[in-house]
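Trainee: Could you take me closely through the interior of this chain? I would like buried residues, cysteines and empty spaces in one connected account.

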Amino acid sequence: MCGLLCALHRDRRGYLPHGRKALYDAALSMLLERRDRERAMLPPEGIDLPQEPKIRLLQKLAHWMLVNGRSEMDRTTAVETLGRHLPAIPHAARQGGPEEIYRHLLNRTGLLREPTPGSVDFVHRTFQDYLSARAVVERHDFDFLIDHAHLDDWEEVIRMSVALARPDECGYLLEGLLAARKDARPVHARHRKLLAAACLEHATELDPEVRSRVHRYTRDLVRPTSLEAARALGWIGPIVLEMLPDPGGVSDEEAHRLAVTATSIADDRAIDYLGRLRDRASWAVRAQLAGAWRRYDTDRYAEEIIGHLDERELDFPVSDLAELRALRRLGGRPCVQIAGALTPEQLTEGLVAERLTELWLAYDLGADLDLSWLAAFPRLHTLRLSHRNTGVTGVPEGVQIIVAGA
């Protein structure tokens with residue numbers, strides 16, 4: 001996908017379309033129509049299909065995957081699907097059977113691939129979602145979208161359906177997302193309402209009353225007033241990140257709740273939002289950000305979040321060897337919490353001896369515990385243990401041991 005964006009950028013002399021729909025349309029035009037023609041290639045395999053028939057056929061494959069909840073399909077199923085729809089697309093049907101048309105789409109569109117023998121998928125999920133949305137809108141199957149709107153995998157399909165639909169269809173879809181459903185779980189109802197709000201930016205034309213209703217239903221959902229509400233909001237998924245308020249001007253108490261929501265979303269997209277909280281002096285905010293490390297890409301989170309947190313009175317958690325090494329690259333920290341079963345040798349090598357003053361071993365170390373390896377840390381003065389041990393030996397002089405619950 002990154003390579004495609006670069007190709008579009010170069011092809012358009014530094015200009016990229018604004019908005020997802022325009023970007024996908026430009027990409028499809030480049031791949032399906034212009035790529036072969038502008039290189040003066042003769043029609044491969046004797047098949048010369050314009051852009052629109054190709055899109056129609058690809059939509060059929062994408063729609064099958066959507067309906068069946070799949071991100072790939074059997075090659076045989078793909079050929080059979082094309083065979084059922086070819087009679088309705090005479091320009092394609094005149095040039096070959098389903099097997100020949102399938103090979104043409106696979107080899108010349110740049111959108112399909114065979115990841116394993118006998119299976120086919122789209123080179124990027126966004127193309128599958130966009131083509132699925134085109135198929136759904138053409139079929140006016142908006143109730144089908146509404147029924148599945150609580151699923152994360154359908155978010156992009158619904159967004160693009162709003163972008164492709166006519167004004168009255170947009171209104172119907174958004175009203176359906178807002179409507180109460182007797183069988184809906186509260187978290188799913190919130191998800192649908194937030195999705196409706198996120199779709200507004202894609203609607204080219206929309207009844208102002210519908211737009212106002214969406215804002216009215218969602219304006220209070222993204223400002224949790226308690227920690228419990230903040231956690232519940234995070235369960236809705238990554239879409240919440242687009243709706244959270246700018247944390248720059250909020251109180252430390254609200255910033256903490258926003259941090260709880262964002263760190264409840266185990267998706268690297270949360271890192272961008274959390275980066276706007278990293279300079280807070282509040283211990284609660286800093287502790288929330290530090291404690292979420294294991295939920296995200298280790299190195300990126302270390303560089304963009306952990307490396308910027310104020311160290312004062314803060315335990316930096318380490319759950320595996322990759323995090324230990326990342327923390328060492330950042331220069332180490334004075335207070336470290338080890339939450340993963342790392343060996344004394346790994347800790348001796350990974351912790352920065354001249355910086356470590358407090359160490360918390362937050363896992364069960366077994367019955368007999370030899371702590372003589374702590375002598376490698378001359379500034380260490382406090383050791384916390386999360387489990388009581390019957391035999392602790394080798395404690396360096398001057399190191400105080402605190403046992404949780406003791």
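Mentor: Helix α4 covers residues 75–85, and its buried residues are Thr-77, Ala-78, Val-79, Thr-81 and Leu-82. Keep in mind that this is a predicted model. What do the buried residues of α4 pack against? Two helices are among the partners: α3 (51–67) and α6 (98–108). The strands β1 (72–74) and β3 complete that list.

Helix α13 can be read in the same way. It runs over residues 227–234. Ala-230, Ala-232, Leu-233 and Gly-234 are its buried residues. The cover over them includes α11 (186–199) and α14 (252–263).

Now take single side chains. Gln-128 belongs to helix α7. Is Gln-128 buried or exposed? Its relative accessibility is 3%, and the cut-off for buried is under 20%, so Gln-128 counts as buried. A polar atom of the Gln-128 side chain lies 3.2 Å from the backbone oxygen of Arg-70. Set aside the neighbours within four places in sequence, and Gln-128 is in contact with Ala-62, Met-65, Arg-70, Ser-71 and Phe-122. Arg-70 thus appears both in that contact list and as the owner of the backbone oxygen.

Leu-173 sits in helix α10, residues 167–178. Leu-173 is buried too, at a relative accessible area of 1%. Which residues does Leu-173 touch, leaving out those up to four places away in sequence? They are Phe-142, Leu-145, Ile-146, Ile-158, Ser-161 and Val-162. Leu-173 also gives a reference point for a cysteine. Along the chain, Leu-173 and Cys-199 are 26 residues apart. In space, their C-alpha atoms are separated by 10.0 Å.

That leads to the cysteines. How many disulfides are there? The count is zero. Why is Cys-170 unpaired? Its closest cysteine sulfur is in Cys-199, 8.8 Å away, and a disulfide needs the two sulfurs within 2.5 Å, so the gap is too far for a bond. Seen from the other side, Cys-199 is in no disulfide either, and the nearest cysteine sulfur to it is that of Cys-170. Both cysteines are inside. Cys-170 is buried at a relative accessible area of 1%. Cys-199 counts as buried at 0%.

Next, the empty spaces. Rolling a probe the size of a water molecule over the atoms shows where empty space is left. The largest pocket holds about 320 Å³ of space. It is lined by 14 residues, and the closest to its centre are Asp-129, Asp-152, Glu-155, Glu-156 and Arg-269. Helices α7 (125–139) and α9 (155–164) are the elements that give two or more residues to this lining. By class, the lining of the largest pocket has 10 charged residues, two polar and two nonpolar.

How many cavities of 30 Å³ or more does the structure hold? There is one. The space in the largest cavity is about 40 Å³. Its lining includes Leu-324, Leu-327 and Arg-328. Gly-332, Arg-333 and Val-336 are also among the lining residues. So are Gly-350, Leu-351, Val-352 and Leu-356. Helix α18 (residues 321–329) gives the most to this lining, with three residues. By class, the cavity lining divides into six nonpolar, two polar and two charged residues.

A few loop residues set off the interior. Pro-117 lies in the loop between β2 (112–113) and β3 (119–122). Pro-117 is exposed, with a relative accessible area of 85%. From Pro-117 to Ala-281 is 55 Å, C-alpha to C-alpha, and 164 residues in sequence.

Two further loop residues deserve a backbone check. Most residues other than glycine have a negative phi. His-140 has a positive phi of about 55° and is not a glycine. His-140 is placed in the loop between α7 and α8 (142–147). Glu-313 also has a positive phi, near 55°. It is in the loop between α17 (298–304) and β4 (316–318). Glu-313 counts as exposed, at 71% relative accessibility.

Methods: Residues are numbered from 1 along each chain as its sequence is written. This is a predicted model: local features need pLDDT of at least 70, side-chain atom pairs count only at pLDDT 80 or more; totals for chains, interfaces and linings use all residues. Side-chain values use heavy atoms; hydrogens and water are left out. Buried means under 20% relative accessible area, exposed over 50%, partly exposed in between (1.4 Å probe, protein chains only). On a 1 Å grid over the protein atoms alone, a cavity is a set of points where a 1.4 Å probe fits but cannot get out, and a pocket is an open set with protein on both sides within 12 Å along at least five of seven lines; lining residues have an atom within 4 Å of a point. Grid points are joined across faces, edges and corners, and a volume is the space filled by probe spheres set on the points. Helices (H or I, at least four residues) and strands (E, at least two) are DSSP runs, numbered from the N terminus. Ala, Val, Leu, Ile, Met, Phe, Trp, Tyr, Cys and Pro count as nonpolar, Asp, Glu, Lys and Arg as charged, and the others, Gly among them, as polar. A polar contact is a pair of N or O atoms within 3.5 Å; within protein, one must be able to donate a hydrogen and the other to accept it, and residues adjacent in sequence count only if both atoms are side-chain atoms. Contact means heavy atoms within 4.5 Å.
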